[in-house]
2 protein chains.
Amino acid sequence: MKYSSSKENYVKAIFHLQETHGLVTTNALANELQTRPASVTDMLKKLKTQKLLIYEKYKGFKLNQEGRKIALQIVRKHRLWEFFLVEKLGFGWDEVHDIAEELEHISSVALVDRLDRFLDYPKTDPHGDPIPDSQGKIITKVQVDLLQLPLKKTAKVSSIGDQSPEMLELLTHKNIALGTKLEIQKKFLFDNSLEVKVESFTRENRTPEQASNKQSKKQVAVKTVVTISEHVAKNVYVTYEE
Amino acid sequence: MKYSSSKENYVKAIFHLQETHGLVTTNALANELQTRPASVTDMLKKLKTQKLLIYEKYKGFKLNQEGRKIALQIVRKHRLWEFFLVEKLGFGWDEVHDIAEELEHISSVALVDRLDRFLDYPKTDPHGDPIPDSQGKIITKVQVDLLQLPLKKTAKVSSIGDQSPEMLELLTHKNIALGTKLEIQKKFLFDNSLEVKVESFTRENRTPEQASNKQSKKQVAVKTVVTISEHVAKNVYVTYEE
DNA sequence: CAAATTATTTAGATTTGTCTAAATTAAATT
DNA sequence: AATTTAATTTAGACAAATCTAAATAATTTG
């Protein structure tokens, strides 16, 4: 079945909210979509009629199996197009969201699958988020603190427990921020300290003139190895695949 | 300014009709868009209000300067996407129209221009139709008979004057058909006969499995040189650029 | 040229998605 | 527990794009 762009946007937004929080509320969704609660209620009724939603008046709501399937296809399209825009057309990763918002509503399934192959089946989009496969399977990310991160698993900093200025100063100095990719090289059993490879990026603004057709990475990756104490490790949360 | 997909479709259809015929009529447009004359009239009023159209009630209509500009941008997007779908994603040229109908409404100008560069500024789409440049300039095709075709100008057979079986047999034997690309190598003043280089193609259907990511041409080009008499040349019409 | 036919427009309705303002339900607070 | 506050839904309206049926204008034809 085909759904309007507007419906697809609702489905995608509900999906996003129910993944992060649990049940979704009318206000939260109105805020997410920059619209009015009354409009949300109107659309919820339609989505319920179309059996994409589990919804009881005044009680919150979430997508059912079918709704989730549709949401995952939209997410798949969005992220594949973002990958295309960055890797093939040379856009910066911070310029592609709005364009992908439009492209994700193109309906052809053959198009998505061929695009996927053309891009050589990328696993993550330019922001590091996982791309669902054609079956809607998506690598789910596990969140743990650094102490529990397996050796040699690439992970991404997702949140910081202790946000004191002292902690932030330390992290800044070691080039660790939200979104930073890192990997544990070695664990020392003596004091539970860790040797961590950190990948930081110098943000570079690309002008249309600079960017070329080739899959050029304009972000310069800087890799450093730092040592992290058990105390710090406990307060750095990361996500990794599987 | 941004226009709805529906408005863009009207503008494109009007453009198409006014290029082939002159003034456009309500019924012709309704037929082109597979809609009702009353709906056409409704939209015409809106397009007139937005100053894209020259329109007097009951008298026919056509795009003005601004409307034509918009139409050309849509045509540009449509044809660039078709080129992309065939050359990069490996679709057959007969499968891409409907997908391009959707893609042509994606609004980002930066996207179109980068796509154009990524594709290395193609001049024609997979059906041989010219692609307008970013300024809206489009190579207009001139139709003449073969006698008037300038030397060394690549042209495409567009129609045949004398369609007798004898003529068709001759053309078939020389590998000339509608759509055939050819070029005059030499003109003999003695009898106005021509030496013509003919490029014929073996059409090959690509299945999704066969097609690769590379820009592989699946059509095998066969080039031959043939001699054409004045009598035949007068009855073969071709189009060429400029 | 008047009548018949065809083309076009108008009038009024429908669908989708949105809105404001009012009413209702749920949650929080005293 | 009663009241206040916040969240949610309903009622009614609107814009865009479409439609059917009826009215009007233009064209064709006898």
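**Note on the predicted two-chain model with DNA strands C and D**

1. In E8(A), A:Tyr237 is the bridge partner of A:Ser159. That pair belongs to the contact between strand E4 (residues 155-160) of chain A and E8(A), which pair in the antiparallel sense over five bridges. E8(A) also pairs with strand E3 (residues 141-145) of chain A; this pairing is antiparallel and has five bridges. Within E8(A), A:Val238 is the bridge partner of A:Val144. In a regular strand the side chains alternate between the two faces of the sheet.

2. The model is predicted, and confidence should be considered before any detail is discussed. The average pLDDT of chain A is 91, with 92% of the residues scoring at least 70. Among the elements of chain A, H6(A) has the highest confidence, at 98, and strand E6 (residues 194-202) the lowest, at a mean of 86. Residues 205-217 of chain A have a pLDDT below 50, and the model gives this stretch 14 contacts beyond near neighbours in sequence. Where pLDDT is low, the predicted coordinates should not be read in detail.

3. On the overall fold: chain A contains eight helices and eight strands. Its C-alpha atoms fill a box of roughly 60 × 45 × 30 Å along the principal axes. Of the 242 residues in chain A, 27% are buried. Among contacts in chain A with a separation of 6 or more, 61% are between residues 24 or more positions apart.

4. How are the two protein copies related? A turn of 178° with a shift of 0.2 Å along the axis lays chain A on chain B with an RMSD of 1.1 Å. The two copies are therefore related as by a two-fold rotation axis. In chain A, A:Leu103 has the C-alpha nearest this axis, at 3.9 Å.

5. The interface between the copies involves 17 residues of chain A in contact with 17 residues of chain B. On the chain A side, helix H5 (97-103) and helix H6 (109-118) are the elements that give two or more residues. H6(A) gives the most, with five residues. By class, this side of chain A has nine nonpolar, four polar and four charged residues. The copies meet through the same surface, because 94% of the interface residues of chain A are also interface residues in chain B.

6. Which residues come nearest to DNA strand C? They are A:Ser4, A:Ala38, B:Thr25, B:Asn27 and B:Ala38, out of 20 residues around the strand. Helix H1 (5-20) and H3 of chain A, together with helix H2 (26-32) and H3 of chain B, each supply at least two residues of this surface. H3(A) gives the most, with five residues. The surface near strand C has seven nonpolar, eight polar and five charged residues.

7. DNA strand D is surrounded by 20 residues, of which A:Thr25, A:Asn27, A:Ala38, B:Ser4 and B:Ala38 are the closest. Here the elements supplying at least two residues each are helix H2 (26-32) and helix H3 (37-49) of chain A, with helix H1 (5-20) and helix H3 (37-49) of chain B. The largest share, five residues, comes from H3(B). By class, the surface near strand D has seven nonpolar, eight polar and five charged residues.

Notes:
Residues are numbered from 1 along each chain as its sequence is written. Chains are lettered from A and ligands numbered from 1 in the order in which they are written. This is a predicted model: local features need pLDDT of at least 70, side-chain atom pairs count only at pLDDT 80 or more; totals for chains, interfaces and linings use all residues. Copies are superposed by least squares on the C-alpha atoms of residues with pLDDT of at least 70 in both. Two residues are in contact if their C-beta atoms, placed from the backbone, lie within 7 Å. A residue is near a molecule or strand if its C-beta atom, placed from the backbone, lies within 6 Å of it. Helices (H or I, at least four residues) and strands (E, at least two) are DSSP runs, numbered from the N terminus. Ala, Val, Leu, Ile, Met, Phe, Trp, Tyr, Cys and Pro count as nonpolar, Asp, Glu, Lys and Arg as charged, and the others, Gly among them, as polar. pLDDT is the predictor's confidence in each residue, from 0 to 100. A residue is buried if 20 or more other C-beta atoms lie within 10 Å of its own, exposed if 12 or fewer, and partly exposed in between; C-beta atoms are placed from the backbone. Two strands pair if DSSP finds at least two bridges between them.
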